[in-house]
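Hello,

Here is the structure I promised to pass on to you. Please open it alongside this email, and I will walk you through what turned up.

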Amino acid sequence: MPGFEIFGDEERKQVNDVLETGVLFRYGFEGARNGHFKAKEFEEKLCNITKAAHSHLCSSGTAALCTALAACGIGAGDEVIVPPFTFVATFEAVLSLGAIPIFSEIDETLCLDPDKLEDVITPRTKAVVPVHMCGSMARITEIKAVCDKKGLILLEDACQSIGGSYQGKALGTFGLAGCFSFDSVKTVTCGEGGGIITDSNDVYQKVDQYADHGHDHLGGPDRGADGHPIIGTNFRISELNAAVGLAQLNKLEQIIEIQQKNKYAIKDAMADIGDVTFRFIPDPKGDSATFLSFFLPTEDRTRKVAENLAQNGVGCPYWYDNNWHYLRKWDHLKQMQRSGKLRSELYDNLPDYSNLNLKASDYIIKRTLSMQIMLSWTKEDIDNRIVAIMKSFTQ
Ligand SMILES: *Cc1c(COP(=O)(O)O)cnc(C)c1O
């Protein structure tokens with residue numbers, strides 16, 4: 001899965017370009033930088049890949065989500081619908097803006113269920129943030145249809161799904177904005193980094209300003225001459241991180257091809273196992289194929305198979321017990337453990353997260369296992385893995 005598996009001369013060369021100039025900042029220093037604008041180049045490449053009109057690279061996927069939410073006008077008291085199966089960053093970003101995360105059920109795509117959204121929409125709902133989890137897509141056109149009908153902003157958390165698409169259209173381009181993460185374990189890594197894409201000139205302008213203290217970047221070579229049309233923050237990426245990511249992004253097509261090949265070799269071999277069903281993938285051609293996710297009939301059976309897989313050297317994450325990716329273990333959220341007080345009037349509006357009842361999601365996640373697909377597997381590794389998997393189901 002992760003880009004760190006294929007670090008090489010390309011990354012070193014890009015980083016050396018930056019080190020040789022000593023200019024680690026993405027803006028200005030035009031005389032000294034020897035023509036290198038790594039962040040800018042990364043953004044152009046990301047636009048080419050996704051066909052989005054604009055993109056902006058920033059310091060993390062979490063920063064990308066915060067920036068996109070802010071640029072889309074989401075703020076204090078707004079309700080934002082998110083899934084309970086995601087990385088904690090999705091709800092953290094919503095809370096950090098003073099907005100209120102509202103959890104809605106997932107379906108067998110392991111992403112938000114479009115048919116359940118209307119159950120949680122209220123007059124305060126402002127946006128829906130589906131997460132394209134584990135490399136594959138939500139039923140994104142159906143989610144978009146609900147958003148359009150209800151006048152809600154659609155913002156995609158595609159942090160785990162760079163290179164994925166639905167019917168030929170890149171994930172992240174269905175909503176008003178889409179976000180990616182380029183942290184150290186993602187498909188493409190900058191070390192730390194995140195990206196926002198949008199077709200909206202207005203959203204892009206606000207993204208570009210918000211992530212850099214509100215700078216309008218119109219002051220010319222003197223940054224001090226820039227105006228500050230909005231209040232922002234510092235979510236900038238350094239040129240060193242951007243340089244690593246640029247080399248990685250150039251390898252994306254090759255990464256997806258290998259992941260698809262490795263994933264479907266294993267999936268095909270598992271097709272005849274009686275009690276396994278697979279995650280529903282609305283468009284398998286657009287699967288970035290970082291994980292192979294499958295379901296067992298019961299929680300007990302899932303736990304037993306997980307144990308066998310681990311014993312046989314092919315362990316798979318069991319998200320139901322995972323501290324970071326499923327609501328069940330988010331005690332800090334349920335008890336609202338925070339370092340400072342939220343504004344009290346917002347706090348009064350917060351749902352009681354300790355009493356959420358997401359039966360459909362629970363029923364799915366307690367029966368889900370996900371096998372991470374690696375780029376470095378040889379044909380022999382895959383054959384051995386298949387033998388170990390088969391053994392795990394008959395033990
Ligand atoms: C990784 C991830 C993020 C956050 O990205 P960082 O770059 O680590 O801040 C957000 N959402 C999802 C679904 C992720 O997997």
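Let me start with a single pair of residues: Ser293 stands opposite Ser370, which belongs to strand E12. One thing to keep in mind as you look is that this is a predicted model.

That serine pair is a good way into the smaller region I looked at. Strand E11 (residues 291–295) pairs with E12 in the antiparallel sense, and five bridges connect the two. Both belong to an open sheet of three strands, ordered E10-E11-E12, with antiparallel pairing. At its edges are strand E10 (277–278) and strand E12 (368–372), each of which pairs on one side only. Helix H9 (residues 252–270) packs on this sheet and touches E10, E11 and E12. The direction of H9 makes about 20° with that of E11.

Now for the other sheet. How many strands does it have, and in what order? It is an open sheet of seven strands, and the order reads E1-E9-E8-E5-E4-E2-E3. Its pairing is mixed. Strand E1 (54–58) and strand E3 (100–103) are the edge strands, and each of them pairs on one side only. From one strand to the next, the twist averages 25°.

If you zoom in on the E1 edge, you will find strand E9 (residues 194–198) joined to E1 by five bridges, with the two running antiparallel. Within this stretch, Leu57 stands opposite Gly195 of E9. Helix H2 (residues 38–50) lies across E1, E9 and strand E8 (177–181), and H2 runs at about 135° to E1.

E8 and E9 come up again in the search for cavities. Searching the whole structure gave two cavities of 30 Å³ or more. The second largest has a volume of about 40 Å³. Which strands supply at least two residues each to the lining of this second largest cavity? They are E8 and E9. The residues that line this cavity are Ala52, Gly172, Thr173, Gly175, Leu176, Ala177, Gly178, Ile197, Thr198 and Asp199. Sorted by class, the lining has four nonpolar, five polar and one charged residues.

Finally, a step back to the chain as a whole. Its secondary structure comes to 14 helices and 12 strands. The radius of gyration is 21 Å, close to the 21 Å that the globule rule gives for 395 residues, so the chain is as compact as a globular protein of that length. Along its principal axes, the C-alpha trace spans about 70 × 55 × 40 Å.

Happy exploring, and best wishes!

Conventions: Residues are numbered from 1 along each chain as its sequence is written. This is a predicted model: local features need pLDDT of at least 70, side-chain atom pairs count only at pLDDT 80 or more; totals for chains, interfaces and linings use all residues. Side-chain values use heavy atoms; hydrogens and water are left out. Two strands pair if DSSP finds at least two bridges between them. Helices (H or I, at least four residues) and strands (E, at least two) are DSSP runs, numbered from the N terminus. Axes are lines fitted to C-alpha atoms, for helices over the stretch in contact, and angles run from 0 to 180 degrees between N-to-C directions. Contact means heavy atoms within 4.5 Å. On a 1 Å grid over the protein atoms alone, a cavity is a set of points where a 1.4 Å probe fits but cannot get out, and a pocket is an open set with protein on both sides within 12 Å along at least five of seven lines; lining residues have an atom within 4 Å of a point. Grid points are joined across faces, edges and corners, and a volume is the space filled by probe spheres set on the points. Ala, Val, Leu, Ile, Met, Phe, Trp, Tyr, Cys and Pro count as nonpolar, Asp, Glu, Lys and Arg as charged, and the others, Gly among them, as polar. The radius of gyration is taken over C-alpha atoms; the globule rule is 2.2 Å times the number of residues to the power 0.38.
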